Amino acid sequence: MKRKKIFRKILIHLLLLTGAMIMIVPFVWSLLTSFKPAGEVFTRSPFWIPWPPDFSSYERILEKLSFIKYAGNTLKISALVTLGQLATCSLAGYAFAKIRFPGREKLFLAYIATLMIPGSVVMIPNFIVMRNLGWVDTHRALIIPAIGSAYGTFMMRQFFLSFPDELEDAAKLDGCSPPKFYWHILLPNAQPILATLGVMAFQGTWNDFQWPLIILNSESKRTLQIGLSFLTSEFHTDWTILMAGSILTILPIIVLFFLAQKYFVQSVKLTGLKG
Amino acid sequence: MDKALHQRLPAKSKRKNNYRWKESIWGYIFILPNFLLMLVFTLIPVIFAFGVSMTDWSLLSAPTFVGLDNYVRIFQDPVAKITIKNTLVFTAMSVPLRIVLPLLLAVALNQKIRGLPFYRTCYYLPVISASVAVSMVFLWILDTNFGLLNRFLVIFGLDPVGWLTDPDVALLSIVLVTVWRGLGFNMIIFLAALQDVPEDLYAVADIDGANAIQKFFHLTIPLISPAIFFLIITGIIDSFQSFDLVYNMTNGGPARSTLLLGYYIWRQAFDYLRMGYGAALAYLLFFAILLITILQWSVRKRWVFGEQ
C-alpha cells in the first residue's frame, strides 16, 4: 500500500514537471537567445549557453528604440487606469451594496448585462466617438474608457456585501455620512480587494494590445506592446533583438507578480466565482 | 451571477420603499462616475454599432444608409465564409483542450503534494505575459528553419514542420499557443473549485467501494460543473474574438488558414476602413455569442450541479 502511494506521488510529479517544463522552456529559450550575439543564433547549435552573456541587443533596444519612452507611456496609462478603476468601482460597489436608493436593483442588472457585451462590438463605435472628440492618437483615449468597469464594480459590491450592517448602523448613529463612512471605515478595510482589483487592472492595461493599436499613430506615444509589435517590421528576423524586447516588456509584470502573487491568484479565483 | 442578485432581495422586502432621500442621493452620486463611463463607452456604443452596421461608412466620406446590405454581404463574401469556418474549427479545437488539460493538472495539484507554489507560479507565468511578447517568442520557437521545435524534431530524425508556414498546420499552431497561454488561468479556477469539494463525500464513496475513476466522474466532475460551465462559455467568447496572436504571428495567413473572426473584423474596419461591414461582422459575433450563451444556459439545468 505504501509503495503504491509513493509510486503514485512520483507519477503525479512527473506529470506536473513535464507541464511546468513546457510552460517555462519558452521563457528560458527567449532569455538565452536575447543574450547571444546577433547572427550566431543561426550558425551555432541552438543549445549552447551564451557565456559570458552578450548584452548588446539590450543596449541596442534601449538606445535606438526609445523603449524607455514606451515603458514610461505604458506605466502612466496603466497607473491612471488602475487608480481610476479603484476610485470609481469602489464608490459604485459601495452604493450598490450598502446604500438604498430607488432603481438600485434594476441599475445593477444593467451593469451585469454589460458583462455580456464583447469588446469587438464596441470597438468600432468607440473609435468613431474618439475621432469626433479628437482623441485619436492620445493617451486619454486609452485611459478614460478603461476606467468604467462593470466587472470591477461587481467585485467591489460582492466584497462590501459581506461588511457587517451593524458597523454601518453604528456609524450612522454617530452622524457619519456616506462619504465619511466610505473614506474612514470602508476603504481602510477593503485593502485586499482593492489590491486584487488593482493588480488585475494594471496587468490588463499593461498587456492591452488591440485598442492601443487602433488609437495610436505617433511613434512617441506608443505603449510597450505596440512598440514590441512594430519591432518585427523593423528587425524582421533579428531574434536577439526581438527576444530582448519581449523579455523587457514581460519583466515588470513578472516582478509585480512576485511581489503580489497572492492578489493575482485571488483575482483569478474571483473571476471564476462570477459564473 | 444570479446567486449574487438574490442575496440582496430579502433585505429589500424587509424595509420596502423606506428610502432616506439624503442617503439615496449619495447612492446616485457614488454610482455616477462609473455609470457615466459605462454608458458612454459601452451601452451607447452597442446601439450605435448597430446603426453603423447599416451604413457604408468609410470615415473618408459621409455615411449613407444601406439597410441590411452589410449583413447580406457577409453571406456572399467567400473570405468571410473561410473566416467563420476557421473560427469554428479553432473554437472546437481550443476549448476542449482548455478544459481537459487544466482540469487534469488541477486534479494532480489537489493531491496534497509538495511544491504547489512552485508549480502554480510556473503555470501562471504565461498568463501574465503579454500576448505580443508571447507571439514573438513563439514566432521564434516555431520558425521553420531555426526554431527550437524543429531543431528538436531533426535530432529525433523527423522532418521539420512548417508550423506557421504550412496552411494545414498554422491554425493548429495558433491553437497550441492559445492553450499554452490560457492553461494556468483555468487551472487556478479548477483548483479553487476542487478545494471546495467536501472531503467527507469522498470518504462516503470510499466506503461504497468506488474506485478513483468512478469518484472522478461521478463525484468530482458534477461538483465542479459550475466552473466547467463558466470556462466553456468564456472560452468560446475568447476564441470568437481572438486577435492578438493572429495579428502578431500570421496576419491570417498562410493562404487565409488562420483568418479568425476577431482579426477579420479589425481588418475590415481599420485596414480597409469599412466601418459598416466591420460593425455588421461584429454584430454577427455578438449574436453568435448571445445564442451560444442562451443555449448553454438552457441545457445547464441538465448537467450543472446545483441547478436541478
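Where is the place of B:Leu273 in chain B? In this predicted model, B:Leu273 sits in the loop between H13 and helix H14 (275-303) of chain B. B:Leu273 follows H13(B), and its phi is near 55°, a positive value in a residue other than glycine. B:Leu273 is partly exposed, with 14 other C-beta atoms within 10 Å. For orientation, most residues other than glycine have a negative phi, and most peptide bonds are trans.

The loop on the other side of this helix is worth a look too. Between helix H12 (244-249) and helix H13 (261-271) of chain B lies the loop that holds B:Pro254, and the peptide bond from B:Gly253 to B:Pro254 is cis, with omega near -10°. B:Asn251 is found in the loop between H12 and H13 of chain B as well. Although B:Asn251 is not a glycine, its phi is positive, at about 55°. Is B:Asn251 buried or exposed? With 12 other C-beta atoms within 10 Å, B:Asn251 is exposed.

H13(B) itself has quite another setting. Nine of its 11 residues are buried, so H13(B) is largely enclosed by the rest of the structure. The buried residues are B:Leu261, B:Gly262, B:Tyr263, B:Tyr264, B:Ile265, B:Trp266, B:Arg267, B:Gln268 and B:Ala269. Which helices help to cover the buried residues of H13(B)? From chain B, the cover includes H4, H11, H12 and H14, and from chain A it includes helix H6 (119-133) and helix H12 (210-215).

Two of these covering helices, H4 and H11 of chain B, also pack against each other. Helix H4 (residues 78-109) and helix H11 (residues 225-240) of chain B have axes 9 Å apart and an angle of about 145° between them. The crossing of H4(B) past H11(B) is right-handed. On the H4(B) side, the residues that take part are B:Thr87, B:Phe90, B:Thr91, B:Ser94, B:Val95, B:Arg98 and B:Ile99. They meet B:Ile228, B:Leu231, B:Ile232, B:Gly235, B:Ile236, B:Ser239 and B:Phe240 of H11(B). Sorted by class, this contact comprises eight nonpolar residues, five polar residues and one charged residue.

The cover of H13(B) includes helices of chain A, which leads to the contact between the two chains. This contact takes 74 residues from chain A and 76 residues from chain B. Which helix gives the largest share of the side of chain B that touches chain A? That share, 20 residues, comes from helix H2 (residues 21-52) of chain B. By class, the side of chain B that touches chain A has 60 nonpolar, 13 polar and three charged residues.

One packed pair of helices with a member in each chain can be described in detail. Helix H1 (residues 2-34) of chain A packs with helix H5 (residues 116-128) of chain B at an angle of about 45°, and their axes are 9 Å apart. H1(A) and H5(B) are therefore oblique to each other, and their crossing is left-handed. From H1(A), the contact draws on A:Leu16, A:Gly19, A:Ala20, A:Met23, A:Ile24 and A:Phe27. From H5(B), B:Tyr119, B:Cys122, B:Tyr123, B:Leu125 and B:Pro126 take part. The contact of H1(A) with H5(B) has 10 nonpolar residues, one polar residue and no charged residues.

Terms used. Residues numbered from 1 in each chain as written. Chains lettered and ligands numbered in written order. Predicted model: local features only at pLDDT ≥ 70, side-chain atom pairs only at ≥ 80, totals over all residues. Axes fitted to C-alpha atoms, helices over the stretch in contact; angles between N-to-C directions. Helix = DSSP H or I, 4+ residues; strand = E, 2+ residues; numbered from the N terminus. Parallel < 35°, antiparallel > 145°, perpendicular 65-115°, else oblique. Left-handed = near helix turned anticlockwise from the far one by under 90°. Contact = placed C-beta atoms within 7 Å. Nonpolar A, V, L, I, M, F, W, Y, C, P; charged D, E, K, R; others polar. Buried ≥ 20, exposed ≤ 12 C-beta atoms within 10 Å, placed from the backbone.
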